Amino acid sequence: MGSLGQPLTRVDGRLKVTGAAKYSAEFPLAGLAYAAIVQSTIPSGRITGMDTQAAEHSDGVLAVLTPANAPKLPAPESRLSLLQNDQVFYNGQPIAIVVADTLHEAQHAASLVRVRYEPTTPKLNFEAGFPFSYPGSYVGEPGDVSWGDVDKGLREAEVKIDQVYTTPIQHHNPMEPHATIAQWDGDRLTVHDATQYITNVKRSLAKMFGLPEDNVRVISLFLGGGFGCKGQVWSHVPLAAMAARKLNRPVKIVLERPQMFGPVGARPRTHQRVTLGATREGKLTAIRHEVHAHTSVIEDYLEPSAFPTRVMYACANIATIHRLVPLNLGTPTYMRAPGVATGTYALEVAMDELACQIKVDPLELRLRNYAEADPHTGNPFSEKSLRECYLRGAERFGWSKRSPEPRSMQRGSELIGWGMATETYPAVRDSASALVRLQPDGRVLVASGTHDIGTGMYTIMTQVAADAFGLSPDLIDARLGDTTFPKAPISAGSMSTASVTPAIQAAAEECKLKLLKLAAGDSQSPLRGMALEDLDFKDGRIFQKSAPNRSEHFTALLARNGGRPIETTAHTEFEESERYSMHSFGAVFAEVAVDPHLGVVRVPRVVAVYDVGRLLNEKTAKSQFIGGIVWGISLALHENTYVDARTGRIVNANLADYLVPVNADIGEIDVSAIGIPDTKLDPLGARGIGEIGITGTGAAIANAIYHATGKRFRHLPITPDKLLV
Ligand code: MOS
């Protein structure tokens, strides 16, 4: 009944605000023991000895696991630190765990462990790595993609921009830290884990412990934020399972806030050289986007910052290049709009520099280079309404009232600046499964092994099932986050909505068909003997299409048929399209107010308009956009992880020194979407919206600061000290 698209309030909202929603650390199992992690204090070398006696004799301690005594795993992942050898690859690496009856006993005992090392010279100098860096790829995608002749395009250019933009290391700080509870029952393992990918945790634990996959169950009912850091299995997960097996007791590990900085991923540092060539009118003749990003010495993770440059503007000559620089730091990972957040920052500031140089309005410059088709493949876009985003955004923001000269707009003593940028994120879909069950009590269960990382998945599943069955959302129970449910992909890459909703729709269609067949074949049903084409289901009733008064409620039918539920599971496949290029776009406009004496930048308002296909829920969608924009403001002005150059230690590994915006930093944020369905991606035409909001926003703010002050900042974050120089 048209619940799709409606601003339905989160169905799990009440559970969350009343504390009834159970997060992964909140299962008080009988006999639960607590583990604390001991971390390395050098960036590189080997452990020559550990003095664990004091820890072992400390109150409540059950076990101290070190490389010297930890159980050997059949197939440990070498990217993780599982106490299988004495190597140290970064400062903060897990090198032992202490398990005790209580958390505080474990933490205290962990502080008593003394470690001896044989250090080796660490690689910590990012720039020094450049000549030795090597090409990386990104989950199957090549790191280097080029077309046309960039050198020729640059020779033909009448104007050029050639600048280096940098972004610092950033750390995810979800409110809920990583948390795992592991429990064994014989050779069966059950894990409550704060993860964006239960299926992978299951697969990976089964492999490492040499178990059949189905001996492992992973549960993740609620997440207090994921942002990418919970997309991977990190060391603490198998360590919890290892300790639980050793002690034959359930074991819980919750990372302390400082431990969130190091062993569980980060956005890597980037150094991006962007070279633009253009005609005097601003038509792009060449783009070269060369990215250096760091990775660890144990695993390659590529921040694909030049990816957005492959789709953003019409240009015949483009080179996108990625190079990895391995450092003795924890392995970086996906962080909200990986690559695209940092890459759109560099590209979109460069575009602003070009606009300023040729004195063309920044929005007009984008329109002059509008990509009607994919600039690389020439394929049409499955759906693209970016032009409408630009125009509607400009209108809502009042862009036409902008005076182009820097430092030309003031309010009282503050310098006002207006900047804009293009946003983009790939439209991703993967294969997924879901089950639906019509229950004798009149309710409908919809379940899939997906996750709600705070995005609203429970709510969307409810709406899609309600719509497919023609039932009120109140009658739907959505379940997720359990590997006993049918498989769904990782909840990352903004892909869950487009992946999981088609499976729910397909399962519901099959389930309805089963129901109609049952009615037609039931001698006591008013619908007995009817052709299936003449039957339909709505509001809980099966009815004859040509005579809708002839009907019965499905609960009556189920009651007569033994009171059993009717259930179906559907799997929907998706293969990447070779005919269409699938991407979301948006336009973001920002106003900054700069205090010229203090260097403080405020962001009174941001307007953004999105081209993301159809919105399935206006309320949760807006929250996603706003959340992304807040993070974009944070990217531009606040976030920065400092690494001690000698020790590789994270200096500001806490929420006091690692800056993120608070409410007082955020002004008015106006978000809306064009809403044209992209049915080439999925039947409902909904593209993911979790990440696009952070893209472009950093650049829009940097460009607004230039407009306000006349000073160009190419190195994030733009902090007051930089503004005062
Ligand atoms: Mo998102 S960074 O792909 O979880």
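The following exercises, each with a worked solution, concern a predicted model.

**Exercise 1. The open sheet**

Determine the strand order of the open sheet of three strands, and state which strands lie at its edges.

Solution.
Step 1. Strands of a sheet pair through backbone hydrogen bonds, either parallel or antiparallel.
Step 2. Here the order is β4-β2-β6, and the pairing is antiparallel.
Step 3. β4 (87-88) and β6 (114-119) each pair on one side only, which makes them the edge strands.
Step 4. Between β2 (residues 45-51) and β6, the antiparallel pairing extends over six bridges. Within β6, proline 119 is the residue that stands opposite glycine 45.

**Exercise 2. Cysteines and disulfides**

Establish how many disulfides the structure holds, and explain the case of cysteine 356.

Solution.
Step 1. A search of the whole structure returns zero disulfides.
Step 2. A disulfide requires two cysteine sulfur atoms within 2.5 Å.
Step 3. The closest cysteine sulfur to that of cysteine 356 belongs to cysteine 315 and is 20 Å away, so the two are too far apart for a bond.
Step 4. As to surroundings, cysteine 356 is partly exposed, with a relative accessible area of 28%, whereas cysteine 511 is buried at 0%.

**Exercise 3. Helix α5**

Compare the span of helix α5 (residues 198-209) with its expected value, and describe how the helix is covered.

Solution.
Step 1. The expected span is 1.5 Å times one less than the number of residues. For the 12 residues of α5 this gives 16 Å.
Step 2. The end C-alpha atoms of α5 are 16 Å apart, in agreement with the expectation.
Step 3. Nine of the 12 residues are buried, so by the cut-off of under 20% relative accessible area the helix is mostly covered. Among them are Ile198, Val201, Leu205, Met208 and Phe209.
Step 4. The partners of the buried residues are the strands β10 (179-185), β11 (188-193) and β12 (216-219), together with helix α6 (236-247).
Step 5. After α5 comes glycine 210, with a positive phi near 65°.

**Exercise 4. Packing of α10 and α11**

Describe the geometry of the packing between helix α10 (residues 457-469) and helix α11 (residues 496-520), and identify residues that meet there.

Solution.
Step 1. The axes of α10 and α11 are 9 Å apart, and the helices pack at an angle of about 35°.
Step 2. The crossing of α10 past α11 is right-handed.
Step 3. The contributors from α10 include Met457, Ile460, Met461 and Val464. Those from α11 include Val500, Ile504, Ala508 and Cys511.
Step 4. Cysteine 511, which takes part in these contacts, is the buried cysteine of Exercise 2.

**Exercise 5. Unusual backbone angles**

Locate leucine 83, phenylalanine 227 and the cis peptide bond, and state whether each of the two residues is buried or partly exposed.

Solution.
Step 1. Most residues other than glycine have a negative phi, and most peptide bonds are trans.
Step 2. Leucine 83 has a positive phi, near 60°. This leucine is in the loop between β3 (61-65) and β4, and is buried, at 3% relative accessible area.
Step 3. Phenylalanine 227 also has a positive phi, near 65°. The loop that holds phenylalanine 227 runs between β12 and α6. At 26% relative accessibility, phenylalanine 227 is partly exposed.
Step 4. Leucine 716 and proline 717 are joined by a cis peptide bond, with omega about -5°. Proline 717 belongs to the loop between α14 (697-709) and α15 (720-724).

Conventions. Residues are numbered from 1 along each chain as its sequence is written. This is a predicted model: local features need pLDDT of at least 70, side-chain atom pairs count only at pLDDT 80 or more; totals for chains, interfaces and linings use all residues. Side-chain values use heavy atoms; hydrogens and water are left out. Two strands pair if DSSP finds at least two bridges between them. Helices (H or I, at least four residues) and strands (E, at least two) are DSSP runs, numbered from the N terminus. Buried means under 20% relative accessible area, exposed over 50%, partly exposed in between (1.4 Å probe, protein chains only). Contact means heavy atoms within 4.5 Å. Axes are lines fitted to C-alpha atoms, for helices over the stretch in contact, and angles run from 0 to 180 degrees between N-to-C directions. A crossing is left-handed if the near helix is turned anticlockwise from the far one by less than a right angle, and right-handed if clockwise.
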